[in-house]
Amino acid sequence: MTTLLTRSLRLVPGLWLAVACASGTGGGAGGGLTSSGQTIANAPRASIASAPKSDWIQMFNGKDLSDWDIKFAKHQLGDNYNNTFRVEDGLLKVRYDKWTTFNGEFGHIFYKKPFNYYLVAAEYRFNGVQVPGAGPALAWALRNNGIMIDGQSAQSMGLDQDFPISLEVQLLGGLGKGPRPTANLCTPGTNVHFGDSLITRHCINSTSKTYDGDQWVRVEALALGDSIIKHIANGDTVLVYRKPEMGGGSANNTNPGVLVPGKPITGGSISLQAETAEIDFRKVEILNLEGCMDPKSSSYRAYFIKHDPAACK
């Protein structure tokens, strides 16, 4: 894990600088403010790659879905329609063996807690099975899933809403027919900036390689509030953008007042999809980059980027 992350951070020019700037540091040392407004004493700032494995939060516990909320379009919150999301053999699975047809009931499983500054990772594989009766109209969804980051809450979803307002780190499997990259970006109810340019196109391909068959792939997303976001596939940084905001389409039937065009997105929920393709997840984990940056506190971590005074003990 550390080797892959270190490699991905070094591959993109400016990422070390971006992380340093986000933490209020320009090099190996920096300061912050306490809850009373006083300056925290300077202390060495470590790279994210230095975080111990024990600091990663295992979002999927390998046993059950107790830490997650489920929402399917056309169904009430908490209805795991047709037992689509399930845990078997220590894997979080999306299965369509109890479905007979599909009528737009896209599903999402939301982690219980939102995050603002973080590195989230999922290790997945596709099995090539799609919901019965998918047909040509859903050919785009074959071997297709996504990690939805910086999203709205499950509780704020409309009853018939198809996709949460979020940034989708799109997971694609190869079809044996040429290039089909993974860790792409799709933008239900959102837009992003590339440099200073606002991009309103719904999906943008990454530069990742194609992963055919049922091989395991690790995809990560580094999100630093409303500044920079990076997609990483098997250790390679494959897409970089910044300044996400609400707007655009592809999040239909939202509740009134939830989608506010132009509103900056600084964080939010993390969810996984049920988008007609069966998939396994063996690991879903997150490293919170927001915490106590006071070196005098036992909660201090040198890799934190955003100071949270309430986290100091």
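Colleague: Which residues does F281 touch, leaving out those up to four places away in sequence?

Modeller: This is a predicted model, in which local features need pLDDT of at least 70, side-chain atom pairs count only at pLDDT 80 or more, and totals for chains, interfaces and linings use all residues. Residues are numbered from 1 along each chain as its sequence is written, and side-chain values use heavy atoms, with hydrogens and water left out. With contact taken as heavy atoms within 4.5 Å, F281 touches F60, L91, L92, A122, E123, Y124, N145, L171, W216 and L272.

Colleague: Which strand gives the most to the largest nonpolar core?

Modeller: A nonpolar core is a set of buried Ala, Val, Leu, Ile, Met, Phe, Trp, Tyr and Cys residues joined through side-chain atoms within 4.5 Å, where buried means under 20% relative accessible area, exposed over 50% and partly exposed in between, with a 1.4 Å probe and protein chains only. The largest has 51 residues, of which F85, I147, I149, V219 and F281 touch the most other members. Strands are DSSP runs of E, at least two residues, numbered from the N terminus, and the one giving the most to this core, with five residues, is β8 (residues 117-130).

Colleague: How many residues apart in sequence are the parts that C186 and C203 tie together?

Modeller: The two cysteines form a disulfide (sulfur atoms within 2.5 Å), with their sulfur atoms 2.0 Å apart. Because C186 lies in strand β11 (residues 184-186) and C203 in strand β14 (residues 203-204), the parts tied together are separated in sequence by 17 residues.

Colleague: Is C292 buried or exposed?

Modeller: C292 forms a disulfide with C312, their sulfur atoms 2.1 Å apart. C312 is partly exposed at 27% relative accessible area, whereas C292, at 1% relative accessibility, counts as buried.

Technical notes:
Helix = DSSP H or I, 4+ residues; strand = E, 2+ residues; numbered from the N terminus.
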